[in-house]
Amino acid sequence: MADEKLDRRVIRTKQQIRMALIELLEEKSENDISVRELSQRANINRGTFYIHYKDIHDLVEQLVDEANEKLLGVCRRHPPAHTVKESYPFLTDLFETLQSDAQLFTILLGSTGSHAYSERICRTIQENFLDELLEICYSADPKQRQVASGYIVAGCLHEALIWLGRGMKESPDEIAYLTGRVIMHGIDALQ
């Protein structure tokens, strides 16, 4: 019983720290955030912060790892070999995942996030889903597929950032359909 109570306290403390960091990252870059400032925002003492994290960068890295794991989960749930061209379950799941932690993904993909974080997110989707899907669906030169893969994932995540920023007015199904049509049909999707 005591361990369960302690575990809940640790979880609650980490959630406070996480929320405080996200709030601060909406205001400034991670390099401008001090442990003192974060601790005050999270309403904890600095010693408590250091029990769980080495520094602000360690905390941010853990959040990026968490976000990346969520995206890997999306990739694992949708094997490229089972993906249908005119159906977009991968994209729907991707947008649902982004929506489930909208604040964090907005920061990681947005202007306050690091280029390295958005690059890592793009690479995760490319290497664990998109590259294989393009190889299965298209016989183009591997270099051409690689260019297409980079273009698709960057455009998709840019659209996701805009969608998150507009308050996710379209459902994940709807934005997946709109995005999927452009991915699969290019400019012809406008007809």
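The accessible surface of this chain comes to about 11000 Å², and carbon and sulfur atoms account for 51% of that area. I should say at once that what we have here is a predicted model, so please take each value I quote as computed from that model. Of the 191 residues in the chain, 42% are buried, and the C-alpha atoms, taken along the principal axes, fill a box of roughly 55 × 40 × 35 Å.

As for secondary structure, the chain has nine helices and zero strands, which, read along the sequence, gives the pattern α-α-α-α-α-α-α-α-α. If we take the contacts between residues at least 6 apart in sequence, 62% of them join residues at least 24 apart.

Let me turn to helix H7, which covers residues 115–137 and bends by about 50° at glutamine 126. The buried residues of H7 include Tyr117, Ser118, Ile121, Cys122 and Thr124, and further along Phe129, Leu130, Leu133 and Leu134. What do these buried residues pack against? Their partners are helix H4 (56–77), helix H5 (89–100), helix H6 (102–109) and H8.

Staying with the residue at the bend, is glutamine 126 buried or exposed? Its relative accessible area is 14%, and because the cut-off for buried is under 20%, glutamine 126 counts as buried. Leaving out residues up to four places away in sequence, glutamine 126 touches Asp131, Gln146, Ser149, Gly150 and Val153. For the last of these, valine 153, the C-alpha atom is 6.9 Å from that of glutamine 126, although the two residues are 27 apart in sequence.

A second residue with a link to H7 is glutamate 61, which lies in helix H4 and, at 33% relative accessibility, counts as partly exposed. With residues up to four places away again set aside, glutamate 61 touches Tyr117 and Arg120, and Tyr117 is one of the buried residues of H7 that I listed a moment ago. By way of a sequence-distant pair, glutamate 61 and aspartate 101 are 40 residues apart along the chain, and their C-alpha atoms are 16 Å apart in space.

Next, the largest pocket, which has a volume of about 430 Å³. Which elements give two or more residues to its lining? They are helix H8 (142–165) and helix H9 (172–185), and H8 gives the most, with eight residues. The lining has 17 residues, and those that lie nearest the centre of the pocket are Tyr151, Ile152, Val182, Ile183 and Met184. By class, the lining residues divide into 12 nonpolar, three polar and two charged.

Between H8 and H9 there is a loop, and two of its residues deserve a careful look. Glutamate 170 is found in this loop, and it is buried, with a relative accessible area of 18%. Apart from its neighbours within four places in sequence, glutamate 170 is in contact with Trp163 and Ile175. Methionine 168 lies in the loop between H8 and H9 as well, and it is partly exposed, at a relative accessible area of 23%.

Methionine 168 also brings us to the backbone, since its phi is positive, at about 55°, although it is not a glycine. Most residues other than glycine have a negative phi. Asparagine 43, another residue that is not a glycine, has a positive phi near 60°. Asparagine 43 is found in the loop between helix H2 (35–42) and helix H3 (46–52), and at 67% relative accessibility it counts as exposed.

My last residue is lysine 28, whose place is in the loop between helix H1 (2–27) and H2. Lysine 28 is partly exposed, with a relative accessible area of 24%, and, not counting residues up to four places away in sequence, it touches Ile33 and Glu37. Which residue, 84 places apart along the chain, has its C-alpha atom 6.6 Å from that of lysine 28? That residue is threonine 112.

Technical notes. Residues are numbered from 1 along each chain as its sequence is written. This is a predicted model: local features need pLDDT of at least 70, side-chain atom pairs count only at pLDDT 80 or more; totals for chains, interfaces and linings use all residues. Side-chain values use heavy atoms; hydrogens and water are left out. On a 1 Å grid over the protein atoms alone, a cavity is a set of points where a 1.4 Å probe fits but cannot get out, and a pocket is an open set with protein on both sides within 12 Å along at least five of seven lines; lining residues have an atom within 4 Å of a point. Grid points are joined across faces, edges and corners, and a volume is the space filled by probe spheres set on the points. Helices (H or I, at least four residues) and strands (E, at least two) are DSSP runs, numbered from the N terminus. Ala, Val, Leu, Ile, Met, Phe, Trp, Tyr, Cys and Pro count as nonpolar, Asp, Glu, Lys and Arg as charged, and the others, Gly among them, as polar. The bend at a residue is the angle between axes fitted to the seven residues ending there and the seven starting there. Buried means under 20% relative accessible area, exposed over 50%, partly exposed in between (1.4 Å probe, protein chains only). Contact means heavy atoms within 4.5 Å. Accessible areas come from the Shrake-Rupley method with a 1.4 Å probe; for residues, only the protein chains shown count as cover.
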